[in-house]
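Here is a short report on one protein model. Start with the sequence and the 3D view, then read on.

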Amino acid sequence: MSRGRDQAAEIAAAGATVDVGDVTTRYLLYGLLPSWFVPGLADWVMHRRTRIEETAGTKESLILPHCLKGVGGAPTLMMTEVGVPIALTLRYEVNPLLLSVQLGGAAVHEATALWDVRTAVKSERQVKPVEQHIHSFLESLPFGALASLMCLHADQVRSLLRGGRGDPDAWRLVPRRRPLSPGYLVGIAAAIGTCVLLPYGEELLRCRRAAGTRKKRASSDEAHWRAPRSKKLFMKGR
């Protein structure tokens, strides 16, 4: 361990002096988080190209919002699973409570991603290798962000492992001591609206419209099938 520290010190001394914490924070805020929107938007494009609303049926569920066999609704669910921890992290200090929310969100997000892909493969929609590769980014980015955040707040990780003992603020939300600028928060909100809410809202609308069309078609076919039978019964009664 001591040798490792010496080697790290030598590497640090050989290069320019930087504040690793500050650099990592800027990477998370201005690099990783904005880049997260790119695979999300690319995933929506793949869904649209494979006509997601036509290739899978609708499914009523308390979890998935009335769209397809799990594929159309799953992105909405996963956005919630990562969106809530992100929103809290942008507003509050990292502590055992927030770390617990982040870890829980990442675990549930991964489980939902597996469910999403499994359901997509079982449906009639073709999931191409490119889309599966896009999914790999959507799954790995949350873990990369969480790992970086835990390195930045190693003291809070230790506090979490101790159950927050001795820290009166361990299990409550504490506003950030250095709030992020309103401009940054507005920019992130605009990016979420443009790259996430708008496209996936459009996808959900397409799915619901297609479901309504299929339902009307099925009702029309059933009425057409029943009509001759009713006529025969009427003639027999006479």
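## A salt-bridge network

In this predicted model, E202 and R206 sit four residues apart in helix α8, so about one helical turn separates them. Their side chains meet in a salt bridge, with N and O 2.7 Å apart. R206 is buried, because its relative accessible area is 12% and the cut-off for buried is under 20%. E202 counts as partly exposed, at 26% relative accessibility.

E202 has another partner, R48. The side chains of R48 and E202 form a salt bridge at 2.7 Å, N to O. R48 belongs to helix α2 and E202 to helix α8, so this pair ties together parts that lie 154 residues apart in sequence. R48 is partly exposed, with a relative accessible area of 41%. Which residues do the shared partners join into one network? They are R48, E202 and R206.

## A salt bridge inside α2

The structure holds five salt bridges. Among them is the one between D22 and R26, whose closest N and O atoms are 3.1 Å apart. Both residues lie in helix α2. They are four residues apart, about one turn of the helix.

Are D22 and R26 buried, exposed or partly exposed? D22 is partly exposed, with a relative accessible area of 37%. R26 is also partly exposed, and its relative accessible area is 42%.

## The aromatic pair

How many aromatic pairs does the structure hold? It holds one. The ring centres of Y30 and Y184 are 5.2 Å apart, and the ring planes stand at 75 degrees. Planes over 60 degrees apart count as edge-to-face, so the pair of Y30 and Y184 is edge-to-face.

Y30 lies in helix α2, and Y184 lies in helix α8, which covers residues 182-237. The pair therefore ties together parts that are 154 residues apart in sequence. Now take accessibility. Y30 counts as exposed, at 54% relative accessibility. Y184 is buried, with a relative accessible area of 10%.

## α2 against α6

Two packed helices are described by the angle between their axes and by the distance between the axes. Helix α2 spans residues 20-49, and helix α6 spans residues 129-152. They pack at an angle of about 160 degrees, and their axes are 9 Å apart. That makes α2 roughly antiparallel to α6, because angles over 145 degrees count that way. The crossing of α2 past α6 is left-handed. What classes of residue make up the contact of α2 with α6? It has 16 nonpolar residues, eight polar ones and two charged ones.

H47 is also in helix α2. H47 is buried, with a relative accessible area of 0%. Its C-alpha atom is 8.6 Å from that of E131. Along the chain, H47 and E131 are 84 residues apart.

## α5 against α6

Helix α5 covers residues 96-122. The axes of α5 and α6 come within 10 Å and cross at roughly 165 degrees. α5 and α6 are therefore roughly antiparallel to each other. Their crossing is left-handed.

## The whole chain

What does the secondary structure of the protein come to? It comes to eight helices and zero strands. From the N terminus on, the elements run α-α-α-α-α-α-α-α. The protein has 238 residues, and 34% of them count as buried.

Back to helix α2, where several of these details meet. D22 and R26 form a salt bridge inside helix α2. Y30 links helix α2 to helix α8 through the aromatic pair. R48 links helix α2 to helix α8 through a salt bridge with E202. Helix α2 also packs with helix α6.

Technical notes. Residues numbered from 1 in each chain as written. Predicted model: local features only at pLDDT ≥ 70, side-chain atom pairs only at ≥ 80, totals over all residues. Heavy atoms only, no water. Axes fitted to C-alpha atoms, helices over the stretch in contact; angles between N-to-C directions. Helix = DSSP H or I, 4+ residues; strand = E, 2+ residues; numbered from the N terminus. Parallel < 35°, antiparallel > 145°, perpendicular 65-115°, else oblique. Left-handed = near helix turned anticlockwise from the far one by under 90°. Nonpolar A, V, L, I, M, F, W, Y, C, P; charged D, E, K, R; others polar. Phe/Tyr/Trp six-rings, centres within 6.5 Å; stacked < 30°, edge-to-face > 60°. Buried < 20%, exposed > 50% of the residue type's maximum accessible area, 1.4 Å probe, protein only. Salt bridge = Lys/Arg side-chain N within 4 Å of Asp/Glu carboxyl O.
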